[in-house]
Amino acid sequence: MQSCKNAIEEMVIAEIDLQISHLPQYRRDQINLSEVAAYALNRLPPMYATSKVGWLRQRKKAATEMRSQIESAVRRALVSVKPDALRDARPLPSQEVASHARSLAALQQVLGAENASWKDIPTALENALITVKLKSAVSNTYIVTGKREAIAGRDETALGRKSSEISWKGRQVQTSINSDRDEQKAKDFQTYMVDVNYQFSNVLEKLVLSLAYHQIQKLHPAIAETVDLGEATAYVLNRLPPMYATSEKGYKSLRLRAREVYGKEVVAVLKEAIAVCVESPNLEKIPLPLARFEAELEESLEQVSWILQRDDINWRNAPFIVEECLYKVVNNEMEWRKRSDYNYPYST
C-alpha cells in the first residue's frame with residue numbers, strides 16, 4: 001500500500017537477518033523467512049505512518065523502546081516456524097504482494113541492473129538494447145568471415161536458438177543513488193526495497209483502505225476533501241491486531257476472521273478516524289521519505305514506453321513487456337528508439 005507503511009516491518013527483517021547470520025547456509029535455506037517475519041509481526045504492535053514526521057517518530061520508537069520486543073518475537077518465530085512438507089504452499093494472491101518496489105526488483109533482474117532505481121531504468125533498458133545490437137553485429141561479422149557456409153547447412157531452428165541466446169546483460173548502469181553523496185537517500189531506497197524478497201501481507205490493509213474509501217465517499221464533498229485516506233487507514237490499522245499471512249490459505253482464513261471478528265470494530269474506529277481527520281486536518285504533511293521513489297515511477301515508465309514504442313506499459317506489466325521486447329529485438333522482430341537520437345523531452 002502506497003499511502004502508509006508499517007515502520008516495524010523493516011526492523012523485523014533486519015533482526016531476522018541478524019539472528020540467522022551465524023547459521024550455516026544449509027540451515028538458512030531450510031527457513032521460510034516470510035513465515036518467520038509474519039509470525040513476529042503478528043506478535044508486535046503495528047506502527048503505520050503516512051508522513052515523514054510520523055515515519056521518523058515510529059522508527060525511533062521501534063529502535064529504542066521496542067528493541068527487546070522485536071528481538072524476542074523474532075527469536076520465538078525462528079523456534080516456532082518449522083519446515084512442513086504437508087503445509088499448503090500456494091502463495092498469496094498476486095494482488096496482495098504486488099507493489100511498485102516488487103515491479104522495480106523484477107525490472108532490475110530482467111535488465112541485469114542491480115540496485116537501479118526507477119530513475120535508472122530507462123538508461124538500463126537502453127544499455128541492454130545497445131548490448132543486443134553490438135553482440136548481434138559481432139555475431140553477424142563472425143558469420144560472414146568464417147561460418148556462413150557451415151551454418152547454412154544446419155537446421156534453421158538451431159540458428160534461431162543461437163540468435164535468442166544473445167544476452168543483453170552486459171553493460172552496467174551507473175545508478176543515480178550514490179551512497180557517498182547521498183547516504184540518506186541510499187538508506188531510504190534500501191527501506192523501499194527491503195521486503196521485495198518476502199511474501200507476506202497484512203490482510204487488514206486493503207480491507208481497511210477499501211472501507212475507508214467508501215466511508216469517505218458518503219461524506220459531503222466539502223468535508224471529504226479534508227479527510228486524508230492514508231491517515232484514516234493508518235489510524236485504524238494502528239488500533240487493530242495485525243493479520244499477516246504468507247499463503248493463499250492463510251490469507252483467506254485471516255480475511256474471513258477479520259470480517260467476522262473485527263468488522264464492526266473496524267467501522268467504529270474508522271468513523272473515529274474520519275472525525276479526527278476532519279477536526280485536525282494535516283494540511284502541511286510531508287510525504288513518507290519513500291515517496292521520492294514513487295515520484296520517479298511515472299516519468300520512468302513514460303520513457304520506457306517511448307523507447308519501446310508501446311503505449312500499454314504500466315507498473316504491473318512493465319517487467320513482462322520489457323523482457324518480451326528484448327527478446328523481440330534479439331530476434332530482429334521489432335525496432336526501438338534511443339532518447340539521444342531524438343528530441344525526446346524527458347526531464348533530467
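Helices in this description are DSSP runs of type H or I with at least four residues, and they are numbered from the N terminus. The structure is a predicted model. Ala 128 is found in one such run, helix α8. At a relative accessibility of 1%, Ala 128 counts as buried, because buried means under 20% relative accessible area. Leaving aside residues up to four places away in sequence, Ala 128 touches Leu 111, Trp 168 and Leu 326. A further relation in space links Ala 128 with Ala 113: the two residues are 15 apart in sequence, and their C-alpha atoms are 9.3 Å apart.

The protein chain as a whole contains 16 helices and four strands. It has 348 residues, of which 44% count as buried. Among the contacts in the chain with a separation of 6 or more, 84% are accounted for by residues 24 or more positions apart.

The confidence of the prediction was examined next. The mean pLDDT of the protein chain is 86, and 86% of its residues reach 70 or more. The values differ between elements: helix α3, residues 33–41, has the highest mean pLDDT at 97, whereas helix α9, residues 156–164, has the lowest at 44. Over residues 142–164, pLDDT stays under 50, and for this stretch the model has ten contacts beyond four places in sequence.

Helix α13, which spans residues 229–237, is mostly covered, with seven of its nine residues buried. These buried residues are Gly 230, Ala 232, Thr 233, Ala 234, Tyr 235, Val 236 and Leu 237. They pack against two strands, β2 (48–49) and β3 (201–202), and against two helices, α11 (204–217) and α14 (248–279). Where α13 starts, Asp 228 places a side-chain oxygen within 2.8 Å of the backbone nitrogen of Gly 230. Tyr 235, one of the buried residues of α13, also takes part in an interaction with a charged residue: Arg 239 lies over the face of Tyr 235, at 3.5 Å from the ring centre.

A second arrangement of this kind involves Trp 306, since the charged end of Arg 337 sits over its ring, 4.2 Å from the centre. Aromatic rings also pair with one another in the model. A pair of aromatic rings is described by the distance of the centres and the angle of the planes. Five aromatic pairs are counted in the structure, and one aromatic cluster is formed by Phe 189, Tyr 192 and Phe 293.

Helix α1, residues 8–20, contains Glu 15. Although glutamate is the residue at this position, Glu 15 counts as buried, with a relative accessibility of 5%. The side chain of Glu 15 is joined to that of Arg 67 by a polar contact of 3.2 Å. Arg 67 is also listed among the residues that Glu 15 touches beyond four places in sequence, together with Ile 70, Glu 71 and Val 74.

Cysteine residues were considered in turn. A disulfide is a covalent bond between the sulfur atoms of two cysteines. The count of disulfides in the model comes to zero. Cys 4 counts as buried, at a relative accessibility of 2%, and Cys 325 likewise counts as buried, at 1%.

Phe 320 lies in helix α16, which covers residues 318–330. With a relative accessible area of 61%, Phe 320 is exposed, because the exposed class begins over 50%. Along the chain, Phe 320 and Leu 107 are 213 residues apart, yet their C-alpha atoms are separated by 8.6 Å.

The backbone conformation of two asparagines completes the description. Most residues other than glycine have a negative phi. Asn 115, however, has a positive phi, near 70°. Asn 115 is located in the loop between α7 (100–111) and α8 (121–152), and it is partly exposed, with a relative accessible area of 47%. Asn 332 likewise has a positive phi, near 55°. Asn 332 belongs to the segment after α16 and is exposed, with a relative accessible area of 65%.

Definitions and conventions. Residues are numbered from 1 along each chain as its sequence is written. This is a predicted model: local features need pLDDT of at least 70, side-chain atom pairs count only at pLDDT 80 or more; totals for chains, interfaces and linings use all residues. Side-chain values use heavy atoms; hydrogens and water are left out. Buried means under 20% relative accessible area, exposed over 50%, partly exposed in between (1.4 Å probe, protein chains only). A polar contact is a pair of N or O atoms within 3.5 Å; within protein, one must be able to donate a hydrogen and the other to accept it, and residues adjacent in sequence count only if both atoms are side-chain atoms. Contact means heavy atoms within 4.5 Å. Rings of Phe, Tyr and Trp (its six-membered ring) pair if their centres lie within 6.5 Å; planes under 30 degrees apart count as stacked, over 60 as edge-to-face and the rest as tilted. A charge sits over a ring if NZ of Lys or CZ of Arg is within 6 Å of the ring centre and within 35 degrees of the ring normal. A disulfide is a pair of cysteine sulfur atoms within 2.5 Å. pLDDT is the predictor's confidence in each residue, from 0 to 100.
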